[in-house]
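Here is a short briefing to read alongside the model. Take it topic by topic, with the structure open beside you.

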Amino acid sequence: MSKRRSFDLRSQPGFTFVALLTFFMLYLPIAALVVYAFNAGSSMAIWEGVSLRWFYSAASNERVQEAAMRSALIAVCAALIATVAATMAAIATTRTKPYPGLTFKYAFINQPLMVPEIVTAVALLIVFSRIKVWTGYSGLGYLIAAHAAFCIPFAYLPIRARLESMDLTLERAAADLYATPWKAFRHVTLPLLRPGIIAGFMLAFVISLDDVVITEFVKSGGQDTLPTYMLGQLRRATSPEVNAIATVFLLFSVVLVTAFFFINRRKA
Amino acid sequence: MDTASEVAKRAERADVRSRWLLSAPALLVIFFAAVGPLFVMLAYSFMVKGDYGDVKPGEFSLDGWFSVFFQRDIFDDTVGLADAHLSIFWRSVKLSLITTMLALAFGFPTAYFIATRPARTREVWVFLITIPFWTNLLIRTFAMQEVIRNEGILNTLMMWLGLIDQPIQLMYTDAAILFGMVYVYLPLMVLPLYASMEKLDFNLVEAGYDLYATRLRVLWRIIIPLVRPGVIAGSILVFIPSLGAYVIPRVLGGGKNMMLGNLIELQFGAGRNWPLGAAISITLMAIVMLALLVYVRNEARSGAQNV
Amino acid sequence: MRGKLKAATAALALVAFAGAAHADGELNIYNWGDYTSPEMIKKFEQTHNVKVTITDYDSNDTALAKVRAGGHGFDIVVPSANYVPIWVKEDLLLEARPDQMENFKNVDPRWVDVPWDPGRHYTVPWQWGYTGTAVNSKVYSGDINTSALFLDPPAELVGKINVAPEMNDVLFATIKYFGGNWCTDDKELLKKVRDKLVEAKTKWLAMDYSVTEKLPAGDYSGVYYWNGAIMRSRLANPDIKIGYPKEGYPLFMDSVAILKDAKNVENAKLFMNFIMDPENAAMLSAFAKYANGIKGSENFMPEEMKTAPELVIPAEFEKAGEFLESCSPEVLSLYSRIWTDVQK
């Protein structure tokens, strides 16, 4: 690429403005959320001065903390399973001549996307509760499995998009140098694929963290996640305590993501 | 005996076999926790509704399917189209399409902006996109409410700027639902778009300019076709959850007008008509599936052309 | 790096599957969200050395579907009055005979021979309340003891009304408004009900749950909603006034029941007995701002609750309040179609 014009030819008029506006709009509600966590009053609508009382109140609310931790645990497990399965599936379904069953696989993998959550939720309730009765096991495994299933298509799409736009020459070169398929994959394909995998994992994680309806139906006793806990509170008001929890959660994930980012960068 | 063509055939068969093995974990998880249980739903749509929800075991009927599209008028017993269902259906499709277009309108420039940053800062921008979404959907929806309510940030800001002199009623309108859905589903558009733009070959763009193409033409004829898989992936990821949205119309739309998710929920909840709920769900799935099939066919054809 | 990842995954998996560990003295409560006083639970845990787990649901139908499916692991559920007969008929509840428990003497006689559980063989009262009207008296000062407030709203309130998104409550008020009875299948009357609701809905702002924030803040000026939430709104803004629709308004009572497949039946019975103690019942009310059914609990309640107009219904309006029975499936399917028509 010629250096002379490189900066110029990448820019499109107005794009930077729209992008910055988008970032602004993304953070505006979050900012409101954080600000109201420090509200001295007990409502999200009326500002009554600065206070930390909701942080204290959240810190002493065991149910909320447990729910938040459970949400995070389920999201991590489900996203890990989903990302690994989706990466394998993406490799199996791209860069090939059409073979029998390929379309079937596409349809099958994307199926959880096609179904309104409430339908899967009721269906899972019926099936899983039978299994719970038969096996006597009613732990978090069901929630993780259910989350992993609807996370797979979300992880699959960016990974596949990445694979499809990837350059084949490097892998061919590796094969020409008699690298085993595994070595070629490990040292050539995987690093190239990494942005797709990271995007896939993050999507899956976020989607799992968000889920309300399926979790509500699949959960057994003592398995409230943060969203189902909040759903239960919808009938009453949401107090700034929820904002305080969200703020802490946010801070925690920012730290986590930043750490991950720097580790990643140092390695690269 | 081993002719060249037979070796090739055997290698091909081995390749297909290993591709099935590779996709097995994903297929199994989805079968166990998503597709399999849906067969139960399919069966339910052909059964007789139970008195208090659920279905009566062993009794079959087509009532559920009948009432998806038709209704016996409550008051004069004539059979007509179920216009309540059809108008809810249409509303949902309309709002989801607009959401997808808006998400694309904001998401495309954003993804492009990120993809054209220097390699070192690119990941920072990607993280900036995802961070708001590390808080869950309900909290984000409530946060959105703070922005668009009458005394909210947006109205206050616009009044301060002198753009309006009275707050605009945004809450509880279709606009509020759109605001909320675009906000909530935007990363589902940006991330796949970015994943395909990040690999964009700018030599092709340069070639375009060498041929004296305008910026708009380069965008339209070179960039967009190259990132089409990302555009399509993003649009699907935004369109489908919008179609089944439940929480956002409930909170931001004020629950006055149903979308499909709410209609289905009603049948499984207070309406206690599970067969109807199952039949509406399957109808919705069938239509989305059909659209997706058209897309896959289309993709396979254009993919073949590229090779 | 990969080793670490593996170790982390293994650790996570361990935590995930160790969740089912069984300790002595557990109690699993399945209740409406944000309805259970944490202080009262703490007191119960300390008194009886039992670890209590609370899980939330957000509608009677969700709870019913879930428990009926089995494998849920709950001991106690808190269904509304009109659902109790369904739970009993579906054979989901244990006949725990709370009427023979020590603290049963504290139950207000009004709540003993209730139609949904005559003589209280299955359930004990948790909390009760009603769906009433309320306005911001700065905006509207006319008669508020009528359903006309949201069915034929005065000009001041048009576009500022919130109605509880609850099919039964809204249909009940509207049927009563036209002089009908609950569970009626009179088509002519139901046609009027539907047409009225379709027309009235255009004058509402929302059908939402967030009354306690938006009524005091002025986003809503009139509501048809539950009394506990209205009381909380008034505490935040003294201009809020509650009304009792004279045409008829629905009462509700949620009752504690033990599930047939409960694993901790003894602890569940202890809990039933525990909440019939006036002091403990008062803790419940102080938290959720609804009345309970236990005599003498007023003595333990905060002053503001003893005289609250939301909790003490004036005698002249008492008769208009009515518990909703469970209608026949045919009538119910009519109602849910009317409801769909209203919300299309």
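**A starting point in chain B**

Ala207(B) is partly exposed, because 13 other C-beta atoms lie within 10 Å, a count between the 12 or fewer of an exposed residue and the 20 or more of a buried one. Please keep in mind that this is a predicted model. From Ala207(B) we can go on to its helix, then to the other parts of chain B and to chains A and C.

**Around Ala207(B)**

- Ala207(B) is found in helix α8 of chain B, which spans residues 202-210.
- How far apart in space are Ala207(B) and Met171(B)? The C-alpha atoms of these two residues are 48 Å apart, with their positions 36 residues apart in sequence.

**Helix α4 of chain B**

- Helix α4 of chain B covers residues 119-130, and Val126(B), Ile129(B) and Thr130(B) are buried in it.
- These residues sit on the same side of α4(B), because they cover an arc of only 90° around the axis.
- What does the buried side pack against? The partners of the buried residues of α4(B) are α9 (181-210) of chain A, along with α3 (83-115) and α7 (174-197) of chain B.
- Turned away from that buried side, the other face of α4(B) carries Arg120(B) and Thr121(B), which are exposed.

**Annotated spans in chain B**

- An unreviewed UniProt entry annotates several stretches of chain B as "transmembrane region", including residues 20-47, 124-143 and 175-197.
- In the model, residues 20-47 of chain B are 93% helix and 4% strand, and their end C-alpha atoms are 36 Å apart.
- Residues 175-197 of chain B come out as 100% helix and 0% strand, with 30 Å between the end C-alpha atoms.

**Chain A and its contact with chain B**

- Chain A has 12 helices and 0 strands.
- Of the 268 residues in chain A, 53% are buried.
- Among contacts in chain A with a separation of 6 or more, 79% join residues 24 or more positions apart.
- Between the two chains, 80 residues of chain B are in contact with 92 residues of chain A.
- Which helix gives the largest share of the chain B side? Helix α1 of chain B (residues 4-45) does, with 18 residues.
- By residue type, the side of chain B that touches chain A has 58 nonpolar, 13 polar and 9 charged residues.

**Where chain A meets chain C**

- Two packed helices are described by the angle between their axes and the distance between the axes.
- For helix α6 of chain A (residues 117-135) and helix α3 of chain C (residues 60-69), the axes come within 9 Å and cross at roughly 35°.
- On the α6(A) side, Leu125(A), Ile126(A) and Ser129(A) meet Ala65(C), Lys66(C) and Ala69(C) of α3(C).
- The residues of this contact of α6(A) with α3(C) divide into 4 nonpolar, 1 polar and 1 charged.

**The domains of chain C**

- The domain assignment splits chain C into domain 1 (24-128 + 253-301) and domain 2 (129-251 + 309-343).
- The C-alpha centres of domain 1 and domain 2 of chain C are 27 Å apart.
- Domain 1 of chain C gives 11 residues to the contact, and domain 2 of chain C gives 10 residues.
- On the domain 1 side, α4 (84-89) and β6 (123-136) of chain C each supply at least two residues.
- The side of domain 1 of chain C that touches domain 2 of chain C comprises 8 nonpolar, 2 polar and 1 charged residues.

Key: Residues are numbered from 1 along each chain as its sequence is written. Chains are lettered from A and ligands numbered from 1 in the order in which they are written. This is a predicted model: local features need pLDDT of at least 70, side-chain atom pairs count only at pLDDT 80 or more; totals for chains, interfaces and linings use all residues. Two residues are in contact if their C-beta atoms, placed from the backbone, lie within 7 Å. The arc is that of the directions from the helix axis to the C-beta atoms. UniProt positions are given in the numbering used here, feature names are shortened, and annotations may be inferred rather than shown by experiment. Ala, Val, Leu, Ile, Met, Phe, Trp, Tyr, Cys and Pro count as nonpolar, Asp, Glu, Lys and Arg as charged, and the others, Gly among them, as polar. Axes are lines fitted to C-alpha atoms, for helices over the stretch in contact, and angles run from 0 to 180 degrees between N-to-C directions. Domain bounds come from an automatic or database domain assignment.
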